[in-house]
Structures are given as C-alpha cells and as structure tokens.
Amino acid sequence: MLFPDTPSVEQLSQVIVQVTAPSFVLGAVAGFVSLLIARMNRVSDRIQALNAVLDGDGARLRLDKDLPQLRRRAGLLNRAILFSGTSAILTCLLVIVAFISAYYQLRHEYGVAVLFVIALGFFTLALINLVREIRVSVHEYDLGS
C-alpha cells in the first residue's frame, strides 16, 4: 500500500507528544552551536592578530608560543561544532522518522529511541570537546600568557 489512510488526530497527537523532548534538544543544540561559533571566532581572530605581528618584531618570538595552543583550541572547537551538527541532524531525522512512521502506521519507538540516544551521544562528545577547549584556554592564562 503506497498511500495509506491518513493518520488519525490521536496518532498525530501522540507523535507530537513523543517528539517534544527531541525538539527541545534541537533548540539547545542550536544555542550551543552559537556559543561554539562565538568562541571559534575569538580564537580565529586571535590567531590572525598574532600572524599580523611583523616577523622582525621581538614580540613575535614571545607570541609564537601561543599559536600551537590556539590551533589546538580551534581544533577542539571545530570537533565540537561537527559533533553538535551531527546531533542536530540526527534529532531532525528522529522527528521525520516519527512522523513518517505515524503516516504509514508503523511502530517507531525503538528506531526513534536509538536515534535519540545516538544524537545525545554526539551532543555529549561536543560538550566534552568544549570542556577540553576551556581547560586549554584557562591553562593558557595560568601560564601568564
């Protein structure tokens, strides 16, 4: 049956209730990505400022030691953004699967649960990378940079 009967209002209502939590997660991920991008912009601006210092300048030698640390921070933030984006895509896919399953009157609980757990796993990886980046950043100031 290619085009099944339209799902009932009760079925759609149940799907909407089931995708409420993932929708909130999606909003949180969007805000989190905004924070990550702001941090990435600050790190990128600092790298560009350090690269703009003239090579003959004596301060250049002192500033060059900051570049590897800034590049490490940029890499951690880049991975965090990648993991967050993957989490958001999986969460969107979860919502789509839930509605398509309701339309075709298929059981979707297990598939949606697996997608939700995987999406939260990627979000956790993004949070871990942010914490690592913050540790590098704080350590940078502890050294008197």
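Three exercises with worked solutions follow.

The model is predicted, so local features need pLDDT of at least 70 and side-chain atom pairs pLDDT 80 or more, whereas totals for chains, interfaces and linings use all residues. Residues are numbered from 1 along each chain as its sequence is written, and side-chain values use heavy atoms, without hydrogens and water.

**Exercise 1.** Determine whether the span of helix 2 agrees or disagrees with its number of residues.

*Solution.* Helices are DSSP runs of H or I with at least four residues, numbered from the N terminus. The expected span is 1.5 Å times one less than the number of residues. Helix 2 (residues 20-52) has 33 residues and should therefore span 48 Å. Its end C-alpha atoms are 48 Å apart, which agrees.

**Exercise 2.** Classify the packing of helix 1 and helix 2.

*Solution.* The axes, lines fitted to C-alpha atoms over the stretch in contact, are 4 Å apart at an angle of about 40°. Angles under 35 degrees count as roughly parallel, over 145 as roughly antiparallel, 65 to 115 as roughly perpendicular and the rest as oblique; the two helices are therefore oblique to each other. Contact (heavy atoms within 4.5 Å) involves Ile 16, Val 17 and Gln 18 of helix 1 and Thr 20, Ala 21 and Pro 22 of helix 2.

**Exercise 3.** Characterise the aromatic pair of Phe 32 and Phe 123.

*Solution.* Rings pair if their centres lie within 6.5 Å; planes under 30 degrees apart count as stacked, over 60 as edge-to-face and the rest as tilted. Here the centres are 5.3 Å apart with 70° between the planes, an edge-to-face pair. Phe 32 lies in helix 2 and Phe 123 in helix 5 (residues 109-142), so the pair ties together parts 91 residues apart in sequence.

Definitions and conventions. Axes are lines fitted to C-alpha atoms, for helices over the stretch in contact, and angles run from 0 to 180 degrees between N-to-C directions. Rings of Phe, Tyr and Trp (its six-membered ring) pair if their centres lie within 6.5 Å; planes under 30 degrees apart count as stacked, over 60 as edge-to-face and the rest as tilted.
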